[in-house]
Each structure stands twice: as structure tokens, then as C-alpha cells.
There are 2 protein chains.
Amino acid sequence: VKPKIECCFSPALLDLYDFKNSIVVVIDVFRATSTIAAAMSNGAQKIIPVDDVQKCIQLGSEIENSITAGERNGVIAEGLAMGNSPSVFSPEIIENKTLVLTTTNGTRLLHMCRDSKEIVSASFLNLSATVQYLREQKQDVLLACASWKNRFNLEDSLFAGAVYKELKDEFEMDCDSVRAAYDLYKNAEGKLYEYIQDSAHFNRLSKLGLQADMEYCCSIDKHDVLIRFDGEALIS
Amino acid sequence: VKPKIECCFSPALLDLYDFKNSIVVVIDVFRATSTIAAAMSNGAQKIIPVDDVQKCIQLGSEIENSITAGERNGVIAEGLAMGNSPSVFSPEIIENKTLVLTTTNGTRLLHMCRDSKEIVSASFLNLSATVQYLREQKQDVLLACASWKNRFNLEDSLFAGAVYKELKDEFEMDCDSVRAAYDLYKNAEGKLYEYIQDSAHFNRLSKLGLQADMEYCCSIDKHDVLIRFDGEALIS
């Protein structure tokens with residue numbers, strides 16, 4: 001019997017899914033899980049996701065050799081060292097450090113999925129590493145889109161479709177969200193950044209001048225790293 | 001300024017949308033809003049949607065010249081006269097009658113949208129009549145998918161995409177759900193019934209032998225009727 005794969009388009013729909021025995025893939029393409037992939041690939045020791053700026057500052061002051069990062073409304077949150085652009089976490093900045101990262105949609109979703117068998121953090125930047133791991137585990141998978149304030153978004157759904165495309169022969173699927181995500185991805189494949197330019201998140205973030213960030217997030221397999229959540233921190 | 005068009009993929013996401021001043025298009029392709037279009041087009045005086053079988057039986061006994069209808073788990077609910085197949089509501093059966101119809105997903109959604117400016121009930125069977133009305137009103141529109149037990153489904157989303165395709169030049173849109181629905185509909189257009197055969201609802205209903213029903217529901221513009229909800233009943 002093949003394991004099952006499903007997709008949840010919004011954290012507000014998460015309670016419709018029974019993921020106790022599943023690997024949950026947390027997806028927040030713009031930009032939490034992209035930033036996490038970049039930072040981890042460039043040598044971060046671990047990444048502690050927190051929902052709150054004050055908690056981020058406090059943990060940053062308590063943990064030796066740490067960096068704080070996070071944005072609110074597209075700018076570095078007051079009191080934090082770095083923003084949420086994946087491209088800025090170069091090895092020079094992040095190697096062997098603990099990144100304390102505050103994000104809104106992504107962090108909340110990580111904590112909502114605590115009761116799963118396992119959580120991995122994924123984005124286009126580490127697509128293949130994620131897919132390879134899921135293939136080997138042979139466990140049920142839930143692709144969980146962080147969405148934007150609980151609203152369906154294109155970029156996370158497209159990533160879910162990209163994962164399914166790679167795994168479809170090895171998983172059972174009877175989930176319209178997966179079907180839709182896969183169909184959308186087939187439309188976007190090979191021109192992801194172009195395709196995503198007609199999306200709500202692109203419109204919001206490009207007003208903040210973050211086009212280069214989004215183009216970076218659309219690079220496939222730039223960072224060959226599998227990222228798991230150990231209950232407190234993201235580790236590779 | 002053009003009016004705005006948005007789409008909500010699940011009743012569980014409805015509270016993310018401000019539809020107080022919008023026309024809400026309730027969509028339950030398999031099969032409530034398809035059955036409603038067929039019955040109304042074939043002469044029903046009005047259709048009273050209720051969520052509960054007992055309430056359906058009671059109203060049926062109170063209202064003169066009425067017919068009760070509804071299914072549970074794909075068979076006619078005990079105590080009701082008719083099922084939920086759009087094709088059975090011929091003029092001989094329904095003309096000048098009040099249909100008391102119990103459905104689950106569709107009825108619940110109708111009542112959830114009560115605070116909107118207006119509610120219309122739509123399906124592929126009355127696509128053009130619905131589109132024409134929305135075009136004339138020049139009001140904000142929310143395309144509200146009944147979904148299946150709150151899960152995203154393909155058929156309702158495809159219909160949302162079909163509506164947007166017709167209205168896109170006359171409405172402002174910055175909603176990824178609309179974008180996705182429209183993209184999916186472009187993939188399915190011209191081969192809707194074939195496309196929908198790979199969907200969760202098709203799988204469920206075809207096990208009950210309801211393929212002909214679903215093919216009927218995929219007919220575009222079979223019933224040229226606009227259907228509005230007056231707060232108690234659906235009327236044309």
C-alpha cells in the first residue's frame with residue numbers, strides 16, 4: 001500500500017486533516033521557509049522560530065552566538081539584527097550561529113502541526129532535498145501551506161504542486177487541493193517567477209521593493225538541504 | 001472604479017472576507033445549486049433550503065402544493081419524496097410547486113452569507129444568467145464555494161473560474177483564489193466533464209452510480225435562470 005499525500009491550503013483548514021501519523025511539510029515560500037533554507041544551507045547551526053518580536057529579542061540576548069531576524073510589514077522589526085530576505089544570510093553572517101527568526105504565518109503553522117509524526121520546512125530552494133526525504137520515509141504526507149493571513153495563496157500552492165509532481169507515482173492521492181496545486185504548477189513550471197508576478201503576495205511585496213527576494217525564492221534547488229523541526233528548533 | 005471580485009474556497013474561510021456590501025454567489029455544483037437551477041427553470045415557484053431532514057418533512061407537510069427533496073449519503077432521505085438529482089425535476093413534477101430541499105454544504109453556506117448585500121445561487125447550468133446579472137449590478141462580488149465538508153473542491157472552484165472568465169474585464173481582482181480558479185478553468189474549458197472525472201467528489205458520487213447526474217451538472221447554460229435568495233426562499 002502506498003502512503004497517502006494531501007494538501008491543506010490554509011492553517012484555518014488544518015483541523016480537517018488527520019496528520020497525527022503524517023510528515024507535515026510546512027510551506028511559506030514568501031519568505032519564511034525560503035529564508036530558513038538559505039540560512040541553514042549557509043551554515044546556521046539551528047533556527048529557532050518564534051511568533052513574537054519581543055520573544056525574539058529575548059532569546060537573542062540569552063543564546064550565545066545567535067542572530068535575531070524578522071520583519072513586520074516588510075521592514076526589519078525594531079530591535080532585531082536582520083530582516084527576512086533569504087539572500088542576506090550568507091555564510092559570513094550565519095555560519096555556526098543560531099538564528100532566532102520571527103515570522104507570522106510560518107511560525108504559527110509550525111506550532112499548529114506539533115502533533116504530527118514529523119515536520120519538515122520546505123521551499124523551492126530546497127525542493128529536491130525535501131522530495132528525496134519524503135520518498136525515502138514512505139509515510140503519509142500533508143503539504144501544509146502557510147498561506148497569507150489564512151487566505152489561499154499561489155506561491156505556497158505551486159510549491160505543493162511541485163512536490164506532488166515528483167512524488168505522484170509513489171503516493172496515493174485523492175485530494176482536490178493536491179490536484180489543483182499540481183495543475184497550477186504544470187501551468188507555471190519553467191516560468192515560475194514570471195507566473196508568480198500575477199499574485200497577491202507579489203503585488204504586496206513588490207510595493208516594498210522586494211522583487212529580488214521573490215525571484216530568489218523562485219530558484220529551484222539553490223540550497224540542497226533537508227530541514228526538520230525538532231520541536232524547538234529547525235535543524236538540518 | 002470597477003467593482004471588486006473575490007473567491008472563497010471554503011465556508012471555513014468565509015470570515016476572512018468582508019462581504020457586507022457584496023453580492024455573494026453561492027456555488028455547490030455537485031449538486032445543490034445545480035438541482036436548484038434545474039427545478040427553478042422547470043417551473044418551481046420557490047425553493048426553501050433547509051439543513052435538516054426533519055425540518056424538511058415538517059415544512060413539506062405545512063406548505064400547500066410542496067415537494068420535499070434531499071439525500072443523505074447519496075440516497076433519498078427517509079420521509080422525503082425526491083432525491084437531489086437535478087435531472088428528475090421535470091416540469092411535470094415541479095411546475096408551480098414549492099420545493100423544500102435539504103442539503104448540507106449548500107444550505108449552511110446560504111445561511112452563513114445572510115449578512116451580505118444579496119445572495120444568488122449559481123452553477124454551470126445557469127452560468128450565463130448569473131454572469132449577466134452580476135455584470136449589470138456593478139457591485140462587489142464574492143464567489144463562495146460550498147466545498148465538501150469545508151475542504152476545497154475542484155468543481156466549485158472551476159465554476160468560480162468560469163464566472164471570472166466572463167467578468168474579468170469589468171471587475172478589479174487581486175485574489176489568488178480567483179487567479180487559481182481561473183487558471184484551472186482554462187485547463188478544463190471545453191472538456192469540463194472529462195476534467196472533473198479526476199476529482200474527489202466524482203470519485204465519491206460515481207461509487208453511488210451518479211455519473212449521469214454529474215454529467216448533467218457539467219452542462220453549461222442548460223437552464224437560463226437567475227436565482228436569488230430572499231432570506232427564506234430561493235426565487236427566480
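**View 1. The loop around Lys149(A) between strand 8 and helix 6 of chain A.**
In this predicted model, Lys149(A) sits in the loop that runs between strand 8 (141-145) and helix 6 of chain A. Take a look at the backbone here: phi of Lys149(A) is near 50°, which is a positive value in a residue other than glycine.

**View 2. Cis peptide bonds at Phe30 and Arg31 in chain A and chain B.**
In chain A, the peptide bond that joins Phe30(A) and Arg31(A) is cis, and omega is about 0°. Arg31(A) belongs to the loop between strand 2 (23-27) and helix 1 (32-41) of chain A. Turning to chain B, the bond from Phe30(B) to Arg31(B) is cis, with omega near 5°. Arg31(B) is found in the loop between strand 2 (23-27) and helix 1 (32-41) of chain B.

**View 3. An aromatic pair between helix 6 and helix 7 of chain A.**
Searching the whole structure gives twelve aromatic pairs over all chains. Shown here are Tyr164(A) and Tyr182(A): their ring centres are 5.3 Å apart and their planes stand at 80°, so the pair is edge-to-face. Tyr164(A) comes from helix 6 of chain A and Tyr182(A) from helix 7 of chain A, so that distant parts of the chain, 18 residues apart, are linked by the pair.

**View 4. The contact between chain A and chain B.**
Chain A brings 27 residues to the contact, and chain B brings 27 residues. About 2300 Å² is buried between the two chains, with carbon and sulfur atoms giving 51% of that area. On the side of chain A, Arg151(A), Phe152(A) and Asp176(A) supply 27% of the area buried against chain B, more than any other three residues.

**View 5. Polar links and helices at the interface of chain A and chain B.**
Four salt bridges are counted between chain A and chain B. Arg151(A) forms a salt bridge with Glu6(B), where the closest N and O atoms are 2.9 Å apart. Across the interface, 17 residue pairs are in polar contact, both residues at pLDDT 80 or more. Helix 6 (154-167), helix 7 (176-188) and helix 9 (200-206) of chain A are the elements that give two or more residues to the side touching chain B. Helix 7 of chain A has the largest share, seven residues. By type, the residues on this side of chain A are eleven nonpolar, seven polar and nine charged.

**View 6. How chain A superposes on chain B.**
A 180° rotation with 0.0 Å of shift along its axis brings chain A onto chain B, with RMSD 0.0 Å. That is the relation of a two-fold axis. Both copies use the same surface, and 100% of the contact residues of chain A recur in chain B.

Conventions
Residues are numbered from 1 along each chain as its sequence is written. Chains are lettered from A and ligands numbered from 1 in the order in which they are written. This is a predicted model: local features need pLDDT of at least 70, side-chain atom pairs count only at pLDDT 80 or more; totals for chains, interfaces and linings use all residues. Side-chain values use heavy atoms; hydrogens and water are left out. Contact means heavy atoms within 4.5 Å. Buried area is the accessible area (1.4 Å probe) that two parts lose on being put together, summed over both. A salt bridge is a side-chain nitrogen of Lys or Arg within 4 Å of a carboxyl oxygen of Asp or Glu. A polar contact is a pair of N or O atoms within 3.5 Å; within protein, one must be able to donate a hydrogen and the other to accept it, and residues adjacent in sequence count only if both atoms are side-chain atoms. Helices (H or I, at least four residues) and strands (E, at least two) are DSSP runs, numbered from the N terminus. Ala, Val, Leu, Ile, Met, Phe, Trp, Tyr, Cys and Pro count as nonpolar, Asp, Glu, Lys and Arg as charged, and the others, Gly among them, as polar. Copies are superposed by least squares on the C-alpha atoms of residues with pLDDT of at least 70 in both. Rings of Phe, Tyr and Trp (its six-membered ring) pair if their centres lie within 6.5 Å; planes under 30 degrees apart count as stacked, over 60 as edge-to-face and the rest as tilted.
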